[in-house]
Amino acid sequence: MVFTLSALGSHLNLRNVMPKTVDGQITMEKTPSYFVTNEAPRRIHSMAKDIKLIVVVRNPVTRAISDYTQTLSKKPEIPTFEVLAFKNRTLGLIDASWSAIRIGIYALHLESWLRYFPLSQILFVSGERLIVDPAGELAKVQDFLGLTRVVTEKHFYFNQTKGFPCLKKPEDSGAPRCLGKSKGRTHPRIDPDVIHRLRKFYKPFNLMFYQMTGQDFRWEQEEGDK
């Protein structure tokens, strides 16, 4: 069985670069851009129709700011988030062509995948829950993949400095494994009015995504958007 989100290049090339899988093994492949790559669903389907797909999603407003923060760390000369987020700020027109905004329109991207795969082959993992309850979210992943629940609460501890959980090695053998320094960067302060406008922009798409997946990620409730 192959686990992936998508494929870049031809599916034959992808097969060639994947490690060999023997009986009892699961081969996994990941890239964040797969979910939003137009050709990915068709290519994946032509490679393996029974593949299982895992998509990690988070509040699209937070995701957009995080995306911008990552870019800013590499290109400090770019315009502010507020400038990039709007086609016309006076009129409140959000620039949905900006990738940081577009990626968070999850319902739009999911439509492409559902043309080729049933919902039963896709697991949606909450990025927020991964932080507060990593073992709980990974229990769902292990169940989805038909695995014994080996990874449990005892494998995690919360790193106060980084602001997210880190993975302990078995039997305390060696230092815990944490995500690299590119993760957990402090976000720049964003004008609250811009955040409010983004919440309003995403709300109908979020509700559509909840309906499509059968899961309520409660992003509006988190934000206090009544």
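**Exercise 1. Work out how much surface the chain exposes and what share of it carbon and sulfur atoms supply.**

Start with the total: in this predicted model, the chain exposes about 13,400 Å². Next, split it by atom type: carbon and sulfur atoms supply 54% of that area. Then turn to the inside: of the 226 residues, 38% count as buried.

**Exercise 2. Find a nonpolar patch on the surface and check how accessible Phe158 is.**

First, pick out the members: Ile131, Val132 and Phe158 make up the patch, and together they have about 270 Å² of accessible area. Now place Phe158 in the fold; it sits in strand β7, residues 156-159. Last, look at its accessibility. Phe158 comes out at 39%, so it counts as partly exposed, since that class runs between 20% and 50%.

**Exercise 3. Describe the largest nonpolar core and say which element gives the most to it.**

Keep the general trend in mind: in soluble globular proteins, nonpolar side chains tend to be buried together. Here, the largest core has 21 residues, and Leu110, Trp113 and Phe209 have the most contacts inside it. Go on to the elements: α2 (40-47), β3 (53-57), α6 (106-114), β6 (122-126) and α9 (192-213) each bring in at least two residues of this core. The top contributor is α6, with four residues.

Now zoom in on Phe209. Leaving aside residues up to four places away in sequence, Phe209 touches Val57, Tyr106, Ala107, Leu110, Phe124, Phe217 and Trp219. Apart from this core lies another one, of 19 residues, including Val61, Trp98, Ile101 and Val194.

**Exercise 4. Go through salt bridges of the structure, asking where the partners sit and whether they are buried or partly exposed.**

Begin with the count: there are seven salt bridges. Three of the pairs are worked through below.

- Glu39 and Arg42: their side chains meet at 2.6 Å, N to O. Glu39 is partly exposed at 34% relative accessibility, and Arg42 is partly exposed at 39%.
- Arg63 and Asp67: the N to O distance is 3.0 Å. The two are about one helical turn apart, because they are four residues apart in helix α3 (residues 60-74). Arg63 has a relative accessible area of 15%, so it is buried; the cut-off for that is under 20%.
- Asp193 and Arg197: the closest N and O atoms are 3.0 Å apart. Both residues lie in helix α9, four residues apart, or about one turn. Asp193 is partly exposed at 33%, and Arg197 is partly exposed at 29%.

Methods
Residues numbered from 1 in each chain as written. Predicted model: local features only at pLDDT ≥ 70, side-chain atom pairs only at ≥ 80, totals over all residues. Heavy atoms only, no water. Core = buried A, V, L, I, M, F, W, Y, C linked by side-chain atoms within 4.5 Å. Buried < 20%, exposed > 50% of the residue type's maximum accessible area, 1.4 Å probe, protein only. Contact = heavy atoms within 4.5 Å. Areas by Shrake-Rupley, 256 points an atom, 1.4 Å probe, with all protein chains shown as cover. Patch = residues over 30% accessible without salt bridge, like charges linked within 9 Å, V, L, I, M, F, W, Y side chains within 5 Å. Salt bridge = Lys/Arg side-chain N within 4 Å of Asp/Glu carboxyl O.
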